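Me: Please take a close look at one part of this model and describe how its pieces fit together.

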Amino acid sequence: MKPNNSILSFLIFFIIPFSLFGESKLFMMYGIKLGQKRSLVTEIYGKPFKSHTFEDGYSYDAFKLDEHILVVESENKRPDLVWAIQIQGNKNPKHFGLNDINLGDEVQKVISTFGKPDEIRSAYDEQTKEELKQIQYYSYDTSRNFSIEVQNQKVTSIKLSFKGTAVVSDSLEIPSTFKILQGNDLYQISQLLDQNFVLKEKDKKEYKIVGNPITFLSSKNEITNRFFHQPNSLANLNPKEIIESLDLKNEKQFIFGKYLKFKIGEETIHLFFLKSYEGWTLKEMNIENSVDTPE
C-alpha cells in the first residue's frame, strides 16, 4: 500500500536543512518547545506571578513552581510564540530539565554531557547589569543554543533560546530514531514527537497529546498504550521488519518527510516523520486492520 492523499494531508512543503536532535541544538525544556504557542504554557500552569514587556518589545511570563521558577520569553516579532525557556532554582521534576541536566546537578555533569562551554564568566543581573561574582555563567550559545548558571558548583539556572533551525541529515536516521522510541527517556521521546502529533486508530478515532507531553506520556491513555503497553507498541517495533520505506518529496524533489510501514499480525502500522525547524519529528502513527488495508 502506498500512502494516500488523506494520510499525507498533514505534510508541509517548505524545506530547510536539518539532523535528529541532540547533536547540536535542542528545542525542548520542561516539556515546552521553542516555537510553540506561548498561550499553551498559561493553559497548563495558570496565571504567571509576573509578566513584563521590555521597551524593545521582548516579553516574558514567570511561573512559581515547586522549588523553582519557570520563565518563558517571546521576541518582539512574534509575541505569541515561545522564543526562550528558563528554569531557576534548586530542583525540577524528572525529565523537565535540558536533556540529562537538571537544577541542582554538579557542574561536572554539565561538562561531561555537553563538553567544554564556549565561554565561562561571572553572571550579571540582566536588569541592573551588575556583575554577580558568586554565580558562574556557562555559555553554549555560540556552538549550540543554551546557557547554564552555576553557584557553589551546582546548576541554579538553565536557559534555552531559539538560535536558528536544527541541522539534520537529508533522510531520517532510522536506527537512532528507533533507539529513542524504544528507550524510557521521556525527554528524548517528547522532543522527537511533533507538537501536533496524532494517533489514528483502526476504529477511526484520533488521539492527540494534551498539556505537557512529558506528563502526558507518564500517564495511562490511548497514546501511551500504543507507545509502550501493547504487544504491537511503538517501543516494540523492529526497524529490521519495515516492509516499506519511502522518502517524501515536494515538487522540487526536496525530502520533507519519511513514511515507514510495518505489518504485525492483523495490524498494519504507518509512521510518518516530518522535517521541521527542530529536526526530524514523528508526526503521525496510523493503525489499520490488515484485512481492511488495500494493497
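Reply: β8 and β9 make a hairpin, with six residues between the two strands. Strands, like helices, are DSSP runs numbered from the N terminus (E, at least two residues, for strands; H or I, at least four, for helices). The model is predicted, so local features need pLDDT of at least 70 and side-chain atom pairs 80 or more, while totals for chains, interfaces and linings use all residues. Numbering starts from 1 along each chain as its sequence is written, and side-chain values use heavy atoms, without hydrogens or water.

β8 covers residues 131-139 and β9 covers residues 146-151; they pair in the antiparallel sense over four bridges (pairing takes at least two DSSP bridges). One residue pair across this hairpin is S139 of β8 with its bridge partner S147 in β9.

On to the next strand: β9 is also antiparallel to β10 (residues 154-161), and six bridges join them. S147 appears again here, standing opposite K159 in β10. S147 thus has a partner in β8, S139, and another in β10, K159. The hairpin of β9 and β10 has two residues between its strands, and N152 in this hairpin takes a positive phi near 55 degrees.

These strands belong to an open sheet of eight, in the order β3-β4-β5-β6-β10-β9-β8-β7, with antiparallel pairing. The edge positions are held by β3 (50-53) and β7, each of which has a single partner strand, so one side of each lacks a neighbour in the sheet. From one strand to the next the twist averages 20 degrees.

At the β7 edge, S122 lies in strand β7, which spans residues 119-124. Beyond its neighbours within four places in sequence, S122 is in contact (heavy atoms within 4.5 Å) with E131, L132, K133, I135, Q136 and Y137. The strands β7 and β8 pair in the antiparallel sense over six bridges. Among the residues that S122 contacts is Q136, its bridge partner in β8.

Two helices pack on the sheet. Helix α1 (residues 38-45) touches β4 (59-65) and β5 (68-74), and its direction makes about 20 degrees with that of β4. Helix α2 (residues 107-114) touches β8, β9 and β10, and its direction makes about 155 degrees with that of β9. Such angles run from 0 to 180 degrees between N-to-C directions, with axes fitted to C-alpha atoms, for helices over the stretch in contact. The hairpin strands β8 and β9 are thus among the strands that α2 touches.
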